Amino acid sequence: MWVRLTGRTLTITYTGTPADPDPADGLFEPFRRLGQDRTSTSGHRLGLSIVTSIAQAHAARVTARPRQGGGLTVSDTFTGT
């Protein structure tokens, strides 16, 4: 995992298996996974929905996109308002 702060954007990059880019936005919903290949039984998949709630409370925007080599990049951009 890598964490980077550039200006008003916090970016967290995870490594992992390649993922389909289409369902990435659905990851912000509670209990959602990228696909059936995610078979881990630990956790409840609430992380990104919690991140989204916190971001909205701080006037920030969260995006997620799969990495070309596998994994996911999540960016949280603060508007400053």
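Strands β3 and β4 form a hairpin with five residues between them, and glycine 70 in the turn has a positive phi of about 115 degrees; helices (H or I, at least four residues) and strands (E, at least two) are DSSP runs, numbered from the N terminus. The model is a predicted one, in which local features need pLDDT of at least 70 and side-chain atom pairs count only at pLDDT 80 or more, whereas totals for chains, interfaces and linings use all residues. Residues are numbered from 1 along each chain as its sequence is written, and side-chain values use heavy atoms, with hydrogens and water left out.

Within the hairpin, β3 and β4 pair in the antiparallel sense over seven bridges, where pairing requires that DSSP finds at least two bridges between two strands. Arginine 65 stands opposite threonine 73 in β4. Along β3 the side chains alternate, with Ala60, Val62, Ala64 and Pro66 pointing to one face and buried, while Arg61, Thr63 and Arg65 point to the other and are not buried; buried means under 20% relative accessible area, exposed over 50%, and partly exposed in between (1.4 Å probe, protein chains only).

The largest nonpolar core has nine residues in all, namely Leu27, Phe28, Leu48, Ala55, Ala60, Val62, Ala64, Leu72 and Val74. α1 (47–57), β3 (60–66) and β4 (72–78) each supply at least two residues of this core, and β3 gives the most, with three residues. A nonpolar core is here a set of buried Ala, Val, Leu, Ile, Met, Phe, Trp, Tyr and Cys residues joined through side-chain atoms within 4.5 Å.

Valine 74, which lies in strand β4, counts as buried because its relative accessible area is 7%. Leaving out residues up to four places away in sequence, valine 74 touches Leu10, Thr11, Ile12, Tyr14, Leu48, Val62, Thr63 and Ala64, contact meaning heavy atoms within 4.5 Å. Valine 74 and threonine 63 are 11 residues apart in sequence and 5.7 Å apart in space, C-alpha to C-alpha.

Among the residues touched by valine 74 is Tyr14, which is found in strand β2 (residues 9–14). Tyrosine 14 has a relative accessible area of 37% and is therefore partly exposed.

The loop between α1 and β3 holds alanine 59, whose phi is near 55 degrees, a positive value in a residue other than glycine. Most residues other than glycine have a negative phi. Alanine 59 counts as partly exposed because its relative accessibility is 27%. In β3, alanine 60 is in contact with Ala55, Asp76, Thr77 and Phe78, leaving aside its neighbours within four places in sequence.
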